[in-house]
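This report describes the fold and some local backbone features of one protein chain. Please look at the sequence and the structure before reading on.

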Amino acid sequence: MTWSPYFTGDGVPRDVELAPPPPWRTFPRRPMATEFKPPAGLVESVNAALHLRRPLLVTGPAGSGKSTVIEQVASELKLGAVLRWHITSRSTLAEALYRYDALGRIHAQRLGQADGVDDIAPFMQLGPLGTALLPSHHPRALLIDEVDKSDLDLPSDLLDVLERGEYEIPELARYQQDVVSVRHWGGDEHDDIKRGRVRCTQFPFIVMTSNGERDFPAAFLRRCIRYTMAPPTVPLLRQMIMAHLQIDIDAGGPVRDLVEEFVTRLESGDSLAIDQLLNAVYVMSGSSGPDGAGRREVAALLMRELSRA
């Protein structure tokens with residue numbers, strides 16, 4: 001990586017050729033399964049969740065690799081593409097199970113009144129959780145990301161579906177046809193659903209992530225296998241930097257200084273994410289990276305404390 005001043009602020013148009021991006025910012029995004037190094041205890045927690053057919057709740061600070069866990073498990077066990085449900089304060093269980101475009105269907109009915117066409121299938125799509133619970137020969141992989149950002153009732157709403165492994169789509173239960181082919185989440189694959197009832201045959205491997213910003217009901221917690229990410233240490237960060245950038249911090253220099261400063265700041269209570277450190281190492285390790293005062297300014301920019309604007 002070469003630190004080049006593409007933008008100089010002089011207002012003069014110029015042709016530029018950007019250097020290659022960091023490995024984690026290439027698009028389309030590629031899984032980081034081979035780069036992720038499981039911390040102590042995580043392998044045992046994953047295996048417990050697989051044996052017991054229970055969701056795995058992974059808690060840790062932002063950027064600690066929580067969502068990468070499922071990519072590595074899905075890749076290693078050949079579970080297929082990871083289904084993703086990103087939680088916000090407006091997320092509901094219903095939207096995670098299926099989406100129904102009622103207005104679109106009404107509009108289509110009006111256009112097709114002359115020939116009596118009324119097909120519900122084009123206006124129905126399963127959500128990420130709904131797709132994960134479809135019958136299958138092997139478990140599917142589902143990420144429920146940042147579950148602590150949800151409405152207070154969502155964890156409790158999930159209990160019955162995750163316990164029973166089934167759900168109903170009322171619109172299909174009332175529909176005139178017994179079997180409707182419904183599109184999966186995130187692709188063009190379809191499954192036939194009979195009388196609106198979906199029952200899983202292999203409980204999915206579910207990873208739920210939390211930044212630890214709220215408490216969950218005891219009934220929810222007892223149905224999960226729980227794992228808390230340990231605070232990063234210099235040896236663990238060395239492994240991560242080697243995996244992502246093939247840089248050995250034991251050689252000393254500015255990269256080693258960055259890592260030690262990062263760990264010291266975490267121990268003093270600063271809120272920082274590991275991807276901030278990776279960004280700083282990527283910039284600082286270039287053959288023509290910033291130096292002197294410029295190096296300090298860029299390092300301060302990339303590793304700003306997260307709890308303040």
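The text below covers the sheet, its helices, the nonpolar cores and a few backbone features.

The model is predicted: local features need pLDDT of at least 70 and side-chain atom pairs count only at pLDDT 80 or more, while totals for chains, interfaces and linings use all residues. Residues are numbered from 1 along each chain as its sequence is written, and side-chain values use heavy atoms, with hydrogens and water left out.

**Sheet**

Helices (H or I, at least four residues) and strands (E, at least two) are DSSP runs, numbered from the N terminus. Five strands in the order 2-5-10-1-11 make up an open sheet with parallel pairing; two strands pair if DSSP finds at least two bridges between them. At the edges are strand 2 (83–86) and strand 11 (225–228), each of which pairs on one side only. On average, neighbouring strands of this sheet are turned by 20 degrees against each other, direction ignored. Strand 1 (residues 56–59) runs parallel to strand 11 and is joined to strand 11 by four bridges. Leucine 57 stands opposite arginine 226 in strand 11.

Two helices lie across strands of this kind. Contact here means heavy atoms within 4.5 Å. Axes are lines fitted to C-alpha atoms, for helices over the stretch in contact, and angles run from 0 to 180 degrees between N-to-C directions. Helix 1 (residues 42–52) lies across strand 1, strand 10 (205–210) and strand 11, at about 165 degrees to strand 11. Helix 2 (residues 68–76) lies across strand 2, strand 5 (141–145) and strand 10, at about 180 degrees to strand 5.

**Cores**

A nonpolar core is a set of buried Ala, Val, Leu, Ile, Met, Phe, Trp, Tyr and Cys residues joined through side-chain atoms within 4.5 Å. Buried means under 20% relative accessible area, exposed over 50%, and partly exposed in between (1.4 Å probe, protein chains only). The largest nonpolar core has 39 residues, and Leu129 and Phe220 have the most contacts inside it. Helix 6 (residues 154–164) gives the largest share of this core, five residues. Not counting residues up to four places away in sequence, leucine 129 touches residues including Leu93, Leu142 and Leu162. A second, separate core of 25 residues includes Met240, Val259, Tyr282 and Ala299.

**Helix 9**

Helix 9 (residues 234–245) has 12 residues and reaches 16 Å from its first C-alpha to its last, close to the 16 Å expected at 1.5 Å a residue; the expected span is 1.5 Å times one less than the number of residues. Its buried residues are Leu236, Leu237, Met240, Ile241, Ala243, His244 and Leu245. Seen down the axis of helix 9, these buried residues fall within an arc of 165 degrees, so they line one face of the helix. The arc is that of the directions from the helix axis to the C-beta atoms. Helix 10 (254–267) and helix 11 (274–284) are among what covers the buried residues of helix 9.

**Backbone features**

The table lists residues with a positive phi.

| Residue | Phi | Place |
|---|---|---|
| Arginine 53 | about 55 degrees | loop between helix 1 and strand 1 |
| Lysine 78 | about 55 degrees | loop between helix 2 and strand 2 |
| Glutamine 246 | about 55 degrees | just after helix 9 |

Arginine 53 is partly exposed, at 43% relative accessible area, and lysine 78 is exposed, at 74% relative accessibility. The peptide bond from phenylalanine 27 to proline 28 is cis, with omega near -5 degrees; proline 28 is in the segment before helix 1.
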